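Let's take a walk through a protein model together. Keep the picture in view as you read, and trace each part as it comes up.

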Amino acid sequence: MRPIDVVADVSQLPDVTFGPRSTTWWGTVGFMITEGLSLVICAFAYLYLRKNFYHYPPLGTPLPSLGIPIIQLVVMGISIVPMWLAARRARQLDINGARIALLAAFVIKLGILVLRWYEFSALNTHWNTDAYGSAAWIVMGFHTTMLILDVAEDAGFALILWSGRGRAATLSDVVADAMYWYFTVIAWVPLFVLLFLYPRWT
(Lines give C-alpha, C1' and ligand atoms only; values in the text may rest on other atoms or scores of the structure.)
Protein backbone atom coordinates (compact mmCIF):
# COMPACT_ATOMS: atom_id res chain seq x y z
CA MET A 1 0.00 0.00 0.00
CA ARG A 2 1.34 3.37 -0.99
CA PRO A 3 1.85 5.89 1.85
CA ILE A 4 -0.70 8.66 2.00
CA ASP A 5 0.57 12.22 2.20
CA VAL A 6 -1.55 14.35 4.49
CA VAL A 7 -1.67 17.93 3.32
CA ALA A 8 -3.12 20.58 5.61
CA ASP A 9 -4.84 23.63 4.23
CA VAL A 10 -3.30 26.63 6.00
CA SER A 11 -4.62 29.22 3.60
CA GLN A 12 -7.15 30.43 6.16
CA LEU A 13 -4.59 31.01 8.92
CA PRO A 14 -3.78 34.67 9.68
CA ASP A 15 -0.52 36.16 8.38
CA VAL A 16 0.15 37.85 11.70
CA THR A 17 -0.87 37.20 15.30
CA PHE A 18 -0.67 39.35 18.42
CA GLY A 19 -0.46 38.68 22.13
CA PRO A 20 0.14 35.16 23.54
CA ARG A 21 -0.40 33.60 20.12
CA SER A 22 2.78 35.30 18.90
CA THR A 23 6.22 33.85 19.65
CA THR A 24 7.57 37.42 19.70
CA TRP A 25 5.21 38.21 22.57
CA TRP A 26 6.54 35.30 24.63
CA GLY A 27 10.13 36.26 23.87
CA THR A 28 9.46 39.81 25.01
CA VAL A 29 7.80 38.60 28.23
CA GLY A 30 10.82 36.42 28.97
CA PHE A 31 13.13 39.33 28.30
CA MET A 32 11.15 41.59 30.63
CA ILE A 33 11.25 39.00 33.42
CA THR A 34 15.01 38.62 33.07
CA GLU A 35 15.71 42.33 32.98
CA GLY A 36 13.19 43.04 35.72
CA LEU A 37 14.97 40.62 38.06
CA SER A 38 18.30 42.23 37.16
CA LEU A 39 16.94 45.66 38.05
CA VAL A 40 15.64 44.32 41.37
CA ILE A 41 19.09 42.91 42.16
CA CYS A 42 20.71 46.28 41.35
CA ALA A 43 18.19 48.10 43.54
CA PHE A 44 18.71 45.71 46.45
CA ALA A 45 22.48 46.16 46.16
CA TYR A 46 21.94 49.91 46.40
CA LEU A 47 19.78 49.48 49.51
CA TYR A 48 22.08 46.86 51.03
CA LEU A 49 24.98 49.30 50.96
CA ARG A 50 22.85 51.79 52.87
CA LYS A 51 23.55 49.99 56.14
CA ASN A 52 27.26 50.75 55.76
CA PHE A 53 26.67 54.50 56.00
CA TYR A 54 25.24 56.61 58.79
CA HIS A 55 24.34 59.19 56.17
CA TYR A 56 23.22 58.21 52.68
CA PRO A 57 24.63 59.72 50.55
CA PRO A 58 27.82 59.83 52.64
CA LEU A 59 28.74 63.12 54.26
CA GLY A 60 30.31 65.47 51.76
CA THR A 61 28.30 64.08 48.86
CA PRO A 62 25.64 66.49 47.54
CA LEU A 63 22.09 65.24 47.22
CA PRO A 64 21.10 64.27 43.67
CA SER A 65 19.69 67.12 41.60
CA LEU A 66 16.03 66.92 40.62
CA GLY A 67 15.70 69.23 37.60
CA ILE A 68 16.82 67.00 34.72
CA PRO A 69 15.49 63.76 36.30
CA ILE A 70 11.99 65.22 36.67
CA ILE A 71 12.04 66.45 33.06
CA GLN A 72 13.22 63.00 32.03
CA LEU A 73 10.37 61.34 33.91
CA VAL A 74 7.82 63.59 32.19
CA VAL A 75 9.30 63.00 28.72
CA MET A 76 9.33 59.25 29.29
CA GLY A 77 5.67 59.42 30.23
CA ILE A 78 4.91 61.37 27.05
CA SER A 79 6.80 58.81 24.96
CA ILE A 80 4.21 56.19 25.85
CA VAL A 81 1.64 57.98 23.66
CA PRO A 82 3.32 57.45 20.24
CA MET A 83 4.26 53.89 21.22
CA TRP A 84 0.64 53.19 22.13
CA LEU A 85 -0.44 54.66 18.80
CA ALA A 86 2.16 52.55 16.96
CA ALA A 87 0.84 49.40 18.65
CA ARG A 88 -2.77 50.35 17.93
CA ARG A 89 -2.05 50.98 14.25
CA ALA A 90 -0.08 47.75 14.07
CA ARG A 91 -3.02 45.77 15.47
CA GLN A 92 -5.17 47.38 12.77
CA LEU A 93 -2.59 46.23 10.19
CA ASP A 94 -2.03 49.87 9.26
CA ILE A 95 1.63 49.85 8.20
CA ASN A 96 1.69 53.54 7.26
CA GLY A 97 0.17 54.65 10.57
CA ALA A 98 2.45 52.35 12.55
CA ARG A 99 5.63 53.63 10.95
CA ILE A 100 4.69 57.30 11.46
CA ALA A 101 3.94 56.72 15.16
CA LEU A 102 7.07 54.61 15.54
CA LEU A 103 9.19 57.35 13.97
CA ALA A 104 7.73 59.93 16.38
CA ALA A 105 8.51 57.62 19.31
CA PHE A 106 12.04 57.09 18.03
CA VAL A 107 12.72 60.85 17.94
CA ILE A 108 11.43 61.27 21.51
CA LYS A 109 13.52 58.35 22.70
CA LEU A 110 16.64 59.91 21.23
CA GLY A 111 15.85 62.93 23.39
CA ILE A 112 15.49 60.59 26.38
CA LEU A 113 18.99 59.23 25.76
CA VAL A 114 20.37 62.78 25.67
CA LEU A 115 18.61 63.56 28.96
CA ARG A 116 19.98 60.35 30.45
CA TRP A 117 23.52 61.59 29.72
CA TYR A 118 22.84 64.63 31.89
CA GLU A 119 20.94 62.52 34.39
CA PHE A 120 24.15 60.73 35.31
CA SER A 121 25.64 64.12 36.22
CA ALA A 122 22.51 64.84 38.28
CA LEU A 123 23.53 62.04 40.65
CA ASN A 124 26.27 64.42 41.86
CA THR A 125 28.66 61.53 42.38
CA HIS A 126 30.95 59.44 40.20
CA TRP A 127 30.95 55.69 39.79
CA ASN A 128 34.38 55.42 41.42
CA THR A 129 33.87 57.90 44.28
CA ASP A 130 32.59 55.39 46.84
CA ALA A 131 30.21 52.45 47.21
CA TYR A 132 27.21 54.77 47.10
CA GLY A 133 28.33 56.27 43.79
CA SER A 134 29.06 52.85 42.30
CA ALA A 135 25.65 51.48 43.30
CA ALA A 136 23.80 54.52 41.97
CA TRP A 137 25.63 54.36 38.64
CA ILE A 138 25.01 50.63 38.32
CA VAL A 139 21.26 51.06 38.83
CA MET A 140 21.02 53.85 36.29
CA GLY A 141 23.54 52.23 33.97
CA PHE A 142 21.61 48.98 33.71
CA HIS A 143 18.39 50.83 32.97
CA THR A 144 20.26 52.85 30.34
CA THR A 145 21.18 49.64 28.51
CA MET A 146 17.45 48.95 28.25
CA LEU A 147 16.87 52.39 26.75
CA ILE A 148 19.66 51.93 24.21
CA LEU A 149 18.39 48.48 23.27
CA ASP A 150 14.86 49.75 22.69
CA VAL A 151 16.01 52.75 20.63
CA ALA A 152 18.10 50.43 18.45
CA GLU A 153 15.10 48.14 18.06
CA ASP A 154 12.89 51.08 17.07
CA ALA A 155 15.45 52.16 14.50
CA GLY A 156 15.46 48.68 12.99
CA PHE A 157 11.67 48.40 12.80
CA ALA A 158 11.32 51.94 11.42
CA LEU A 159 13.92 51.19 8.76
CA ILE A 160 12.09 48.02 7.75
CA LEU A 161 8.70 49.72 7.62
CA TRP A 162 9.91 52.85 5.83
CA SER A 163 12.00 50.89 3.32
CA GLY A 164 8.86 49.34 1.91
CA ARG A 165 9.97 45.87 2.98
CA GLY A 166 7.67 45.82 5.97
CA ARG A 167 5.43 42.78 6.09
CA ALA A 168 2.41 42.11 8.24
CA ALA A 169 4.57 39.97 10.52
CA THR A 170 6.68 43.03 11.36
CA LEU A 171 3.60 44.64 12.92
CA SER A 172 3.55 41.93 15.59
CA ASP A 173 7.10 42.96 16.48
CA VAL A 174 5.99 46.59 16.79
CA VAL A 175 3.31 45.60 19.31
CA ALA A 176 5.86 43.62 21.33
CA ASP A 177 8.26 46.57 21.15
CA ALA A 178 5.56 48.85 22.59
CA MET A 179 4.94 46.40 25.42
CA TYR A 180 8.66 46.38 26.23
CA TRP A 181 8.74 50.18 26.22
CA TYR A 182 5.84 50.37 28.69
CA PHE A 183 7.83 48.07 30.93
CA THR A 184 10.99 50.18 30.57
CA VAL A 185 9.17 53.40 31.49
CA ILE A 186 7.23 51.88 34.39
CA ALA A 187 10.40 50.26 35.76
CA TRP A 188 12.08 53.66 35.88
CA VAL A 189 9.47 55.18 38.22
CA PRO A 190 10.55 53.26 41.38
CA LEU A 191 14.19 53.63 40.34
CA PHE A 192 13.71 57.39 40.07
CA VAL A 193 12.30 57.39 43.61
CA LEU A 194 15.20 55.24 44.80
CA LEU A 195 17.98 57.32 43.26
CA PHE A 196 16.66 60.85 43.53
CA LEU A 197 14.09 60.96 46.33
CA TYR A 198 15.15 58.27 48.79
CA PRO A 199 18.47 60.03 49.65
CA ARG A 200 16.37 63.00 50.80
CA TRP A 201 14.44 60.83 53.22
CA THR A 202 17.41 59.21 54.97
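Before comparing helices, it helps to know that an axis here is a line fitted to C-alpha atoms, for helices over the stretch in contact, and that angles run from 0 to 180 degrees between N-to-C directions. Please also bear in mind that this is a predicted model.

Start with helix 1, residues 23–48, and helix 4, residues 131–162. Their axes come within 8 Å and cross at roughly 165°. Angles over 145 degrees count as roughly antiparallel, so helix 1 is roughly antiparallel to helix 4. The crossing of this pair is left-handed. Which residues of helix 1 do the meeting? They are F31, E35, S38, L39, C42, A43 and Y46. Across from them, helix 4 offers Y132, A135, A136, I138, V139, F142, H143, M146 and L149. Sorted by class, this contact of helix 1 with helix 4 holds 13 nonpolar residues, two polar ones and one charged one.

Now stay with helix 4 and follow it along. Helix 4 is made of 32 residues, and from its first C-alpha to its last it reaches 46 Å, close to the 46 Å expected at 1.5 Å a residue. At its start sits a polar contact: a side-chain oxygen of D130 comes to within 3.2 Å of the backbone nitrogen of Y132. Y132 is also one of the helix 4 residues that meet helix 1.

Next comes helix 3, which covers residues 95–122. What span should its 28 residues have? At 1.5 Å a residue the answer is 40 Å, and the end C-alpha atoms are indeed 40 Å apart, so the two agree. The N-terminal end of helix 3 is capped by D94, with a side-chain oxygen 3.4 Å from the backbone nitrogen of N96. After helix 3 comes N124, which has a positive phi, near 60°.

Helix 3 packs with helix 4 at an angle of about 155°, and their axes are 9 Å apart. That angle makes helix 3 roughly antiparallel to helix 4. Helix 3 passes helix 4 in a left-handed crossing, and their contact includes 19 nonpolar, three polar and six charged residues.

Finally, look at helix 2, residues 67–91, which packs with helix 3 at about 160°, the axes being 8 Å apart. Helix 2 is therefore roughly antiparallel to helix 3. The two make a left-handed crossing, and the residues of their contact divide into 20 nonpolar, three polar and four charged.

Definitions and conventions. Residues numbered from 1 in each chain as written. Predicted model: local features only at pLDDT ≥ 70, side-chain atom pairs only at ≥ 80, totals over all residues. Heavy atoms only, no water. Expected span 1.5 Å × (residues − 1). Polar contact = N/O pair within 3.5 Å; in protein donor to acceptor, adjacent residues only side chain to side chain. Parallel < 35°, antiparallel > 145°, perpendicular 65-115°, else oblique. Left-handed = near helix turned anticlockwise from the far one by under 90°. Contact = heavy atoms within 4.5 Å. Nonpolar A, V, L, I, M, F, W, Y, C, P; charged D, E, K, R; others polar.
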